[in-house]
Amino acid sequence: MDASYTSSELMAVAGARELQDHEVVAVGLGLPVVASFLAKQTHAPNMTILFELGVIDPQPVDCGVGLADPRVWYRANVLSSFVDILGAVLHNGRVDVGFLGGLEVDQYGNLNTSLIGDAKGKFRHMIGSGGANDIASCAQRTIIIMRHEERKLKKAISFITSPGYITGGESRAQVGLRGGPSRVITDKAIFGFHPQSKQMMLISIHPGNTLEDVLGTMGFSPVMPEQVPYTEPPTSEQVRLIRQVIDPQRMHMG
């Protein structure tokens with residue numbers, strides 16, 4: 001990894017590059033916040049940012065301690081409610097992108113944020129869904145961002161909180177779901193999904209990592225294209241914005 005940027009900064013930049021101008025984006029906690037504001041301050045100034053609790057297009061004074069921190073709502077265009085964002089906007093198909101983090105993800109993009117189990121049958125309950133299930137079910141496409149570890153990238157996850165392509169054999173439309181996951185961004189690589197099998201497919205490897213680094217820390221084998229490029233590194237301006245403007249207190253970047 002280049003010393004001029006961290007793996008978290010590369011993840012945030014990779015996430016920002018997936019967002020387009022004029023899109024409506026429902027943003028989850030953590031790195032999705034940094035990536036979304038980075039996109040809005042660079043190539044997507046007309047993008048609309050939604051927080052599920054009822055906030056639209058804020059101009060935060062800092063990243064606060066979570067999305068319920070009023071410092072994150074500063075100068076928002078709208079202060080409304082869960083019902084308006086998840087109901088009137090999301091469930092009506094008006095969200096282009098759902099941007100989520102998670103505890104575990106499987107090869108079909110099914111996401112777990114509810115509980116973690118072990119081989120002995122013991123389970124530990126976590127934060128649960130919040131609006132993640134609604135976002136994954138109703139957005140036109142979903143981006144997932146998380147750390148690259150075998151315990152997170154699993155063949156079988158402990159619980160499906162937010163549906164991806166389910167088992168790959170059943171159409172999301174058949175069960176009343178829109179869209180589906182388009183990217184999984186980790187601190188080692190970027191994945192897409194094969195158009196036929198709907199299985200996770202390697203798109204690029206981050207600089208400083210090898211193919212063995214990526215495949216050796218996964219609980220399943222992704223679809224492999226003939227050639228896998230390296231991910232484009234962040235620019236110095238993108239790193240400056242993250243460090244000095246978007247998250248100077250490192251609340252999300254660690």
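## Worked exercises: rings, bridges and a buried lysine

The structure holds two aromatic pairs. Keep in mind that this is a predicted model.

**Exercise 1.** Classify the geometry of the Phe37 and Phe51 rings, then say where the two residues sit.

*Solution.* Start with the numbers: the ring centres of Phe37 and Phe51 are 6.4 Å apart and the planes stand at 70 degrees. Pairing calls for centres within 6.5 Å, and planes over 60 degrees apart count as edge-to-face. So Phe37 and Phe51 make an edge-to-face pair. Next, place them: Phe37 belongs to helix α2 (residues 31-41) and Phe51 to strand β2 (residues 48-51), so this pair links distant parts of the chain, 14 residues apart. Last, check burial, which means under 20% relative accessible area. Phe37 comes in at 8%, so it's buried, and Phe51 at 0% is buried too.

**Exercise 2.** Work out how enclosed helix α2 is, and what covers it.

*Solution.* Count first: nine of the 11 residues of α2 are buried, so the helix is largely enclosed by the rest of the structure. Among those buried residues are Leu31, Val34, Phe37 and Ala39. Now look for the cover over them: it includes α1 (7-17), β1 (24-27), β2, β5 (97-100), β10 and α6 (236-246).

**Exercise 3.** Take the salt bridges Glu18 to Arg183 and Lys40 to Asp57, and find which parts each one ties together.

*Solution.* The total is 10 salt bridges. Glu18 and Arg183 meet at 3.5 Å, N to O. Glu18 is in the loop between α1 and β1, while Arg183 is in strand β11, so this bridge ties together parts 165 residues apart in sequence. Then there's Lys40 with Asp57, at 3.6 Å, N to O. Lys40 lies in helix α2 and Asp57 in the loop between β3 (55-56) and β4 (78-79), so here the parts tied together are 17 residues apart in sequence. As for accessibility, Arg183 is partly exposed at 23%, whereas Asp57 is buried at 13%.

**Exercise 4.** Decide what Lys152 has for company, in charge and in contacts.

*Solution.* Locate it first: Lys152 is in the loop between β10 (141-145) and β11 (181-185). Lys152 is buried but has no salt bridge, and the nearest side chain of opposite charge, Glu149, is 5.2 Å away. A salt bridge needs 4 Å or less between N and O. Glu149 does have a salt bridge with Arg151, at 2.6 Å, N to O. Finally, leaving out neighbours within four places in sequence, the contacts of Lys152 include Leu103, Glu104, Met146 and Arg147.

Terms used
Residues are numbered from 1 along each chain as its sequence is written. This is a predicted model: local features need pLDDT of at least 70, side-chain atom pairs count only at pLDDT 80 or more; totals for chains, interfaces and linings use all residues. Side-chain values use heavy atoms; hydrogens and water are left out. Rings of Phe, Tyr and Trp (its six-membered ring) pair if their centres lie within 6.5 Å; planes under 30 degrees apart count as stacked, over 60 as edge-to-face and the rest as tilted. Helices (H or I, at least four residues) and strands (E, at least two) are DSSP runs, numbered from the N terminus. Buried means under 20% relative accessible area, exposed over 50%, partly exposed in between (1.4 Å probe, protein chains only). Lys and Arg count as positive and Asp and Glu as negative; His and the chain ends are not counted. Contact means heavy atoms within 4.5 Å.
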